[in-house]
Amino acid sequence: MKTIAQWLPLAALLGLASCETTVDIPAPEHTPRLALSYVLSNQQPDSLYWQTYPHRLLTVSVSQSNFNTKPVRQPVNAVVELLDANGQVVEQFRGRYRYYNPTTQDSLDAYYVPRNGFAGQPGQRYTLRATLPGLETAESTMALPAPATISEASFVRRTTDQGEYAFAGRLTVNVPDNGATADYYLATARVLDANGRFWGPLGPDYRDEDENDSGVDVERFRLSASYNSRPEVYADLNVNGRTIVLGQNVQGYFTGGYNPTNPGIPAPAFVEVTISTITRETYNFYQSVQRYEESYGNPFAEPAPLASNVQKGYGLFGGATDVSYRIPIQ
């Protein structure tokens with residue numbers, strides 16, 4: 001037979017259960033705003049450009065509450081203009097859907113393409129302005145930074161190749177940094193054939209890390225895969241005024257199109273490395289994207305909000321001044 005002492009814990013639990021109350025907490029108010037992402041550069045945005053820099057395409061969406069689980073709205077009818085320092089419109093954009101089902105009218109992954117193929121000029125200020133009925137006009141202004149200098153670059157092909165569709169090697173690039181300014185960099189590379197056509201992307205090769213790697217994650221200048229939506233950005237905070245060296249194992253894959261006059265796989269002929277000087281806001285945005293993705297799904301992580309430089313909206317209007325160096329593949 002149970003004693004009184006044995007019944008007391010159960011009685012206490014029953015009492016607590018009877019006192020349980022459900023309280024509805026209203027969701028915080030949210031005002032929908034336009035969210036933009038676009039990186040203007042000094043390169044003319046042709047088809048080869050977008051193959052190398054897909055993450056620079058203009059995207060437009062409408063913000064929503066954290067408690068809203070519906071897919072984010074991505075309209076294609078926003079009016080987006082790029083203006084110069086005199087307020088003149090120098091570029092307009094046309095919205096498109098990558099995936100669209102006319103039966104269900106479902107759409108995914110909207111993006112905008114420039115109509116005029118405008119290329120920015122270093123040192124000049126530009127304003128990106130977007131409007132959509134029912135929402136406030138969102139805009140942002142930035143100036144394209146000064147170009148970097150590539151003093152030397154080399155590519156040494158490795159002896160252990162991977163056939164005609166892929167190859168690997170060691171890329172080394174020297175970039176003298178300007179000690180008078182705070183600079184932010186991004187490095188990308190691509191492979192071209194003998195006719196200058198796109199052969200494929202060139203990205204990091206992590207198969208053979210340095211034997212002396214201590215495992216400590218120290219920020220260093222690294223090549224960013226052009227297909228990565230989260231580019232590897234670098235600040236000259238610890239090397240201001242000195243030569244920055246990028247030295248990394250890399251690998252390239254053939255992704256070029258079919259040529260009916262030459263159905264075979266062309267040989268890779270050039271490695272073209274590009275050093276982009278980016279604005280501080282671009283650097284901050286990509287850093288915040290990295291923190292956000294690393295904390296996603298971690299209940300113990302600190303809040304990781306995305307940086308923004310868009311007034312009356314959210315997102316990034318970034319700038320990148322590109323300098324390229326073409327290296328023959330031996």
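Helices (H or I, at least four residues) and strands (E, at least two) are taken from DSSP runs and numbered from the N terminus. The model here is a predicted one, so pLDDT has to be at least 70 for local features and 80 or more for side-chain atom pairs, while totals for chains, interfaces and linings use all residues. Residue numbers start from 1 along each chain as its sequence is written, and side-chain values rest on heavy atoms, with hydrogens and water left out.

To begin with the surface, Tyr296 sits in the loop between α3 (280–295) and β15 (314–328). Tyr296 counts as exposed because its relative accessibility is 65%; the scale runs from buried (under 20% relative accessible area) through partly exposed to exposed (over 50%), with a 1.4 Å probe and protein chains only. Together with Tyr292 and Leu306, Tyr296 makes up a nonpolar surface patch of about 370 Å² of accessible area. Such patches take residues with over 30% relative accessible area and no salt bridge, joining nonpolar side chains (Val, Leu, Ile, Met, Phe, Trp, Tyr) within 5 Å and like charges within 9 Å. The areas themselves come from the Shrake-Rupley method with a 1.4 Å probe, and for residues only the protein chains shown count as cover.

Tyr292 and Leu306 turn up again in the largest pocket: along with Ala35, Phe285 and Val289, they lie nearest its centre, out of 43 lining residues. The volume of this pocket is about 1500 Å³. On a 1 Å grid over the protein atoms alone, a pocket is an open set of points with protein on both sides within 12 Å along at least five of seven lines, a cavity is a set where a 1.4 Å probe fits but cannot get out, and lining residues have an atom within 4 Å of a point. Points are joined across faces, edges and corners, and the volume is the space filled by probe spheres set on them. Helix α3 gives the most to the pocket lining, with six residues. By class, the lining has 23 nonpolar, 15 polar and five charged residues, where Ala, Val, Leu, Ile, Met, Phe, Trp, Tyr, Cys and Pro are nonpolar, Asp, Glu, Lys and Arg charged, and the others, Gly among them, polar.

As for closed spaces, three cavities of 30 Å³ or more show up in the whole structure. The second largest holds about 40 Å³, and its lining has seven nonpolar, two polar and no charged residues. β1 gives the most to that lining, with four residues.

On to the charged pairs. Eight salt bridges are counted, each being a side-chain nitrogen of Lys or Arg within 4 Å of a carboxyl oxygen of Asp or Glu. One of them joins Asp322 and Arg56 (2.9 Å, N to O). Asp322 is in strand β15 and Arg56 in the loop between α2 and β2, so this pair ties together parts 266 residues apart in sequence. Asp322 is buried at 8% relative accessibility, and Arg56 is buried at 1%.

Glu136 and Lys312 also meet in a salt bridge (3.9 Å, N to O). This pair links the loop between β6 and β7, home of Glu136, with the loop between α3 and β15, home of Lys312, 176 residues apart. Glu136 is partly exposed at 39% relative accessibility, whereas Lys312 is exposed at 52%. Arg33 joins Glu136 and Lys312 in a network of salt bridges.
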